[in-house]
Amino acid sequence: MRILIIEDDRELREFLKRNLQIETFTVDTAGDGEEGSYMGRTHEYDLILMDNNMPKKNGLEVCKDIRSSGKTTPIIMVSIQSEIGDKISLLNSGADDYITKPFSYKELSSRIRAILRRPHSIILPTLKIEDFTLDTMTQRAFRGRKDIYLTRKEFALTEYLMRNAGSIVSRATLIEHVWDDDLDPFSNTIESHILNLRKKIDLFSNRKIIHTVPGRGYKIDSAEYGIHA
């Protein structure tokens, strides 16, 4: 899952990025409202976390920009302002939730998970197909009773494929949702990660769930699906 943080406080921005990455989220950042508005309108994100008080454009303006572009990405607004009027204005501009500084990271993380669990995202804590189980809360993976170690990026890739189980996910979509802007689109990083996942998840099982659809992308599906290479 890919999150955009729009925050002008560099220390807070980096703190949030580090902790969200630990939770296996892919994170992009913007340091002012103008940059954040552009990124929010031109990239695909699963959630946007933004400060309200920022240079160039404030959160209210950025939120309106993003909603005017047709994006329905969930938005959590962060601000030191606690007046009821400000909250109403921000929520009316299209924000999905509001948290006031100072806040605990645990509370913020819970709010993020709660929003991502809403019906339009269908974010379930435990994902399962065949005998493979992915627990997003404990960040553990199992094939039958075998505990499988996945790196953070492997976990994020597997989670995205699992949340789209049965559907073909293109390489471009994986870049948008699992990797950040630093990835060279011409590198073989995705192919390498898929190969590693096959070795960990499929190698010792007679029932393969990770499939390549030539010219179209990848999918996790039941073992009856025919393309494994």
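The following legends describe close-up views of a predicted model.

**View 1. The open sheet and its strand order.** Five parallel-paired strands form an open sheet; this sheet of 5 strands has the order 2-1-3-4-5. Strand 2 (26-30) and strand 5 (97-100) stand at the edges; each has a single partner strand, so one side of each is left without a neighbour in the sheet. From one strand to the next, the twist averages 20°.

**View 2. Strand 1 and its two partners.** Strand 1 (residues 2-6) runs parallel to strand 2 and is joined to strand 2 by 5 bridges. Within this pairing, L4 has D28 of strand 2 as its bridge partner. Strand 1 is also joined to strand 3, again in parallel, by 4 bridges. Here I6 of the model stands opposite M50 in strand 3.

**View 3. Strand 3 and its covered residues.** Of the 5 residues in strand 3, 5 are buried, and the strand is described as mostly covered. The side on which L47, L49 and D51 point is opposite to that of I48 and M50, and all of these residues are buried.

**View 4. From strand 3 to strand 4 by way of helix 3.** Strand 3 pairs with strand 4 in the parallel sense over 4 bridges. In this pairing, I48 stands opposite I75 in strand 4. Between the two strands the chain passes through helix 3, and the resulting β-α-β crossover is right-handed.

**View 5. Helix 3 against the sheet.** Helix 3 (residues 59-68) packs on the sheet, where it touches strand 1, strand 3 (47-51) and strand 4 (75-79). The direction of helix 3 makes about 155° with that of strand 3.

**View 6. The surroundings of D32.** D32 is located in the loop between strand 2 and helix 2 (33-42). Is D32 buried or exposed? The relative accessible area of D32 is 14%, and because the limit for a buried residue is under 20%, D32 is counted as buried. A polar atom of the D32 side chain lies 3.0 Å from the backbone nitrogen of E34. The backbone nitrogen of E35 lies 2.8 Å from a polar atom of the D32 side chain. Leaving aside residues up to four places away in sequence, D32 touches I6, M54, P55 and K56.

Note on methods
Residues numbered from 1 in each chain as written. Predicted model: local features only at pLDDT ≥ 70, side-chain atom pairs only at ≥ 80, totals over all residues. Heavy atoms only, no water. Pairing = 2+ DSSP bridges. Axes fitted to C-alpha atoms, helices over the stretch in contact; angles between N-to-C directions. Contact = heavy atoms within 4.5 Å. Buried < 20%, exposed > 50% of the residue type's maximum accessible area, 1.4 Å probe, protein only. Polar contact = N/O pair within 3.5 Å; in protein donor to acceptor, adjacent residues only side chain to side chain. Right-handed = clockwise from strand over helix to strand, strands pointing away.
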